[in-house]
Amino acid sequence: MIVVFVEKGIIMTGKTIRSSAGKNIDVKEIYSVLRTKFISQNIKYYREIDSTNEEAKRNAVECDGTLFIADVQTNGRGRLGRTWDSAAYDGIWMSLLLKPETKPENIPLITLVAGVAVCRVIKGAKIKWPNDIVIGSRKLCGILTEKTKSADGSDVVICGIGINVNTEAFSDELSDKATSLYIETGNIFKREKIISEIMNEFESLYTAFLENGFGTIREYYCKECVTLNKEVKVIYNNTEIIGNAVDVDEEGRLVVDTSNGKMTVNSGEVSVRGMYGYI
Ligand code: BT5
C-alpha cells in the first residue's frame, strides 16, 4: 500500500494489497503521525463497541480532545435515529470528546469544522452541507455532533466521524449512495495515517474556529461545498423548502433562494436533497 501526501492531501494512488485490510487499528501508529497539542492525545481504542459516540458520552469525564475509536460498531448511529453501517475493520469509526467554551449555537458548527478537516486530508472529497462528505454523488463519510452533560454537570460535545475506507461493497440499500476510498481507487488505505492527519487538521481548524468563529474556515468550506449553486429540497420539522442553495453564511447556515425570497437554514437536524438525486 502506498499513501502519498501532496499539499497535505492524500493522493489516491498506489498498489492494491487487500491483505493489509481487516487488521485491528494500531494506536501506536496513530500517535507516530500525530502533531497535536490536545486533540486525540488521549486515545481509547475498542475492537468492538456499540457506538463510539455512545461510549464517549458514557466517558464524558475523560479529558478535552479524547478520541474514541473502534474497529467495529454494533450500533453505529446517524442523525435523527438513522443507522450508520459500520462494517468490520473496513472503516474509521471515531468520536472526539470536546469541552469547548463557546456559545450553544456554535456547537452544530463543529460538524462543519470536522468536514473541512476530512476534506483537507482526503483529496477529491467534497462537502454536502451540512454533514456529509461525498465523492462524486456518493457518501464517503458522515459526521454526527451531539451535546451531553458530564457527571459534574458541565456541557460536553461529541463529534463522531464515520469514513468508509477499505469497504469493498455495501448492502443493496446503500450501494447506489455510499462509496469508500477502496471503491473509488482500488487501493487499500492505512486507517491510522488518515486518522492522525484528520486530527492534525482538526486541531488547527477547531482552535481557529473557537477563537474567531466560522468565518475563519467559511471560504474553504464554500469552495468544497457541492450543495451550493444547486436546486435543493431542505427538509426539517415536517417542512420542505425548495430553492437554489446560494451560500453558506458566517453562521454556517445554508442560504436558499426560494420563490418567497432568501431563507437561511440552520445546520442542525435538517436533510438536504438535490432535486435530481442525492447531491
Ligand atoms: C450521518 O448521519 O451521516 C452521521 C454518521 C456518523 C457516523 C459516526 S461513526 C462514529 C460515530 N459513532 C456513531 O454511532 N456515529 C458516528 P445521517 O446524515 O443521518 O446519515 C445516515 C444515513 O446515511 C443512513 O440513513 C444511510 O442512508 C446512510 N448510511 C448509513 N451507513 C452508511 C455508510 N457506512 N456509508 C454511507 N452512507 C451510510
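## Packing around H3

In H3, the residues Leu109, Ile110, Val113, Ala114, Val116, Ala117, Val118, Arg120 and Val121 touch Ile194, Glu197, Ile198, Glu201, Phe202, Leu205, Tyr206 and Phe209 of H6. Contact here means heavy atoms within 4.5 Å, and helices (H or I, at least four residues) and strands (E, at least two) are DSSP runs numbered from the N terminus. This is a predicted model, where local features need pLDDT of at least 70 and side-chain atom pairs pLDDT 80 or more, while totals for chains, interfaces and linings use all residues. Residues are numbered from 1 along each chain as its sequence is written, and side-chain values use heavy atoms, leaving out hydrogens and water.

**Exercise 1.** Work out how H3 and H6 pack, starting from the angle and the distance between their axes.

*Solution.*
1. Take the axes as lines fitted to C-alpha atoms over the stretch in contact, with angles from 0 to 180 degrees between N-to-C directions.
2. H3 (residues 109-121) and H6 (residues 191-212) then give an angle of about 135°, with the axes 8 Å apart.
3. Under 35 degrees is roughly parallel, over 145 roughly antiparallel, 65 to 115 roughly perpendicular and the rest oblique; H3 and H6 are therefore oblique.
4. H3 crosses H6 in a right-handed way, that is, the near helix is turned clockwise from the far one by less than a right angle (anticlockwise would be left-handed).
5. By class, this H3–H6 contact has 14 nonpolar, no polar and 3 charged residues. Ala, Val, Leu, Ile, Met, Phe, Trp, Tyr, Cys and Pro count as nonpolar, Asp, Glu, Lys and Arg as charged, and the others, Gly among them, as polar.

**Exercise 2.** Do the same job for H3 and H7 (residues 215-224).

*Solution.*
1. The axes of H3 and H7 come within 10 Å and cross at roughly 55°.
2. That angle makes H3 oblique to H7.
3. The crossing of H3 past H7 is left-handed.
4. On the H3 side, Leu112, Val113, Val116, Cys119 and Arg120 make the contact, and on the H7 side Ile217, Tyr220 and Tyr221.
5. Sorted by class, the H3–H7 contact has 7 nonpolar, no polar and 1 charged residues.

**Exercise 3.** Find the backbone oddities at Pro130 and Ser40.

*Solution.*
1. Recall that most residues other than glycine have a negative phi, and most peptide bonds are trans.
2. The Trp129 to Pro130 peptide bond is cis, with omega near -5°. Pro130 sits in the loop between strand S6 (126-128) and strand S7 (132-135).
3. Ser40, not a glycine, has a positive phi near 60°. Look for Ser40 in the loop between helix H1 (27-33) and strand S3 (43-49).
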